[in-house]
Amino acid sequence: NEEEEHVGIFHIFKVLYSYKPFVLNTVYILFYGIITLSLLTCLTYYCTYVLGSSDDVTVIEAVYLIASLVTTVFVSKIDAKLGRKKTMILGGIFFAFGKIWFILQPMSLAALYVNCLTTGIGVAITFVMFNTNRNNLSDLVEWREGRRYDGMIGTADNLSTKLGEALAAKLLTGALAHAGYDANLTVQPDSAINAINAMLGWVPALFGLLI
């Protein structure tokens, strides 16, 4: 039926947020936003205060981006082989277990590269999966309700991403402030360095496990 009909926003919320697959996908996107922003934001701090040169950020981010781009080509094949649920879990596995070496040896440059490489792979998998889920969810909701809510589903996804990024920013600034970070210092206290390492290591790893 191609007829358009006005539907109240509270009714749409009730329809979408009572549907478990939609809620799970929304939470998945939320954790994705936290993981990606914590890495990309903390890299500058890490390179500046641990490696001693902010110029290294470009090379390290290049590893992250190349890994993500290359993996994107193979995600549909992985999905066809493993199935949607297992492929989505695989993204979380790369987020979590790719950080083990860095958690154990946060001052190791090689461990940082592995961290960024596996995060790039995890980002590609999760990004492709939750975006293709958006189309599937639109179809499934239409099948259940007789109405199609593409715009609202897309808006909810974008809101979840922004919320994840905002939470990551709040976590980072709160952790650095609590740890005694001072932007005027060229050498940060050990507590601030530990906070930076945590935001690159075990904090995003935890959200990877939650995924």
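How many helices and how many strands make up the secondary structure of the chain? The count is nine helices and zero strands, so the order of elements from the N terminus on reads α-α-α-α-α-α-α-α-α under the helix and strand assignment used here. The model is a predicted one. Its mean pLDDT is 90, and 100% of the residues reach 70 or more. Among the elements, helix α5 (residues 100–104) has the highest mean pLDDT, 96, while α1 has the lowest, 84.

The C-alpha trace spans about 65 × 35 × 25 Å along its principal axes. The chain has 211 residues, and 43% of them count as buried. Of the contacts with a separation of 6 or more, 76% are between residues 24 or more positions apart.

The N-terminal helix, α1, covers residues 9–17, and its buried residues are Ile12, Val15 and Leu16. Viewed down the axis of α1, these buried residues fall within an arc of 90 degrees, so they line one face of the helix. The general rule behind such a pattern is that an α-helix has 3.6 residues a turn, so residues three or four places apart point the same way. The face of α1 turned away from the buried side carries Phe10 and Lys14, which are exposed. On the buried side, the packing partners are α2 (20–51), α6 (109–145) and α7 (150–178).

Helix α2 also contains Asn25. Is Asn25 buried or exposed? Its relative accessibility is 2%, under the 20% cut-off, and therefore Asn25 counts as buried. Neighbours within four places in sequence aside, the residues in contact with Asn25 are Met88, Phe130, Asn133, Leu137 and Asp157.

Next comes the nonpolar interior. The largest nonpolar core has 43 residues, and the members that touch the most others are Leu112, Cys116 and Leu200. At least two residues of this core come from each of α2, α3 (56–82), α4 (84–97), α6, α7, α8 (190–200) and α9 (202–210). The helix that gives the most is α2, with 13 residues. Leu200 can be followed in more detail: not counting residues up to four places away in sequence, Leu200 touches Ser38, Leu39, Cys42, Leu43, Tyr46, Lys99, Phe102, Leu112 and Asn115. Another core, of twelve residues, lies apart from the largest one; Val7, Leu16, Tyr19 and Phe22 are among its members. Leu16 is also one of the buried residues of α1.

Helix α3 is worth a separate look. Which residues of α3 are buried? They are Val57, Ile60, Tyr64, Ala67, Ser68, Thr71, Val75 and Asp79. The elements that cover them include α2, α4 and α6. In its course, α3 bends by about 45 degrees at Phe74. The length of the helix can be checked against its residue count: at 1.5 Å a residue, the 27 residues of α3 should span 39 Å, and the end C-alpha atoms are 36 Å apart, which agrees. Just after α3, Gly83 takes a positive phi of about 95 degrees.

Technical notes: Residues are numbered from 1 along each chain as its sequence is written. This is a predicted model: local features need pLDDT of at least 70, side-chain atom pairs count only at pLDDT 80 or more; totals for chains, interfaces and linings use all residues. Side-chain values use heavy atoms; hydrogens and water are left out. Buried means under 20% relative accessible area, exposed over 50%, partly exposed in between (1.4 Å probe, protein chains only). Helices (H or I, at least four residues) and strands (E, at least two) are DSSP runs, numbered from the N terminus. The arc is that of the directions from the helix axis to the C-beta atoms. Contact means heavy atoms within 4.5 Å. A nonpolar core is a set of buried Ala, Val, Leu, Ile, Met, Phe, Trp, Tyr and Cys residues joined through side-chain atoms within 4.5 Å. The expected span of a helix is 1.5 Å times one less than its number of residues. The bend at a residue is the angle between axes fitted to the seven residues ending there and the seven starting there. pLDDT is the predictor's confidence in each residue, from 0 to 100.
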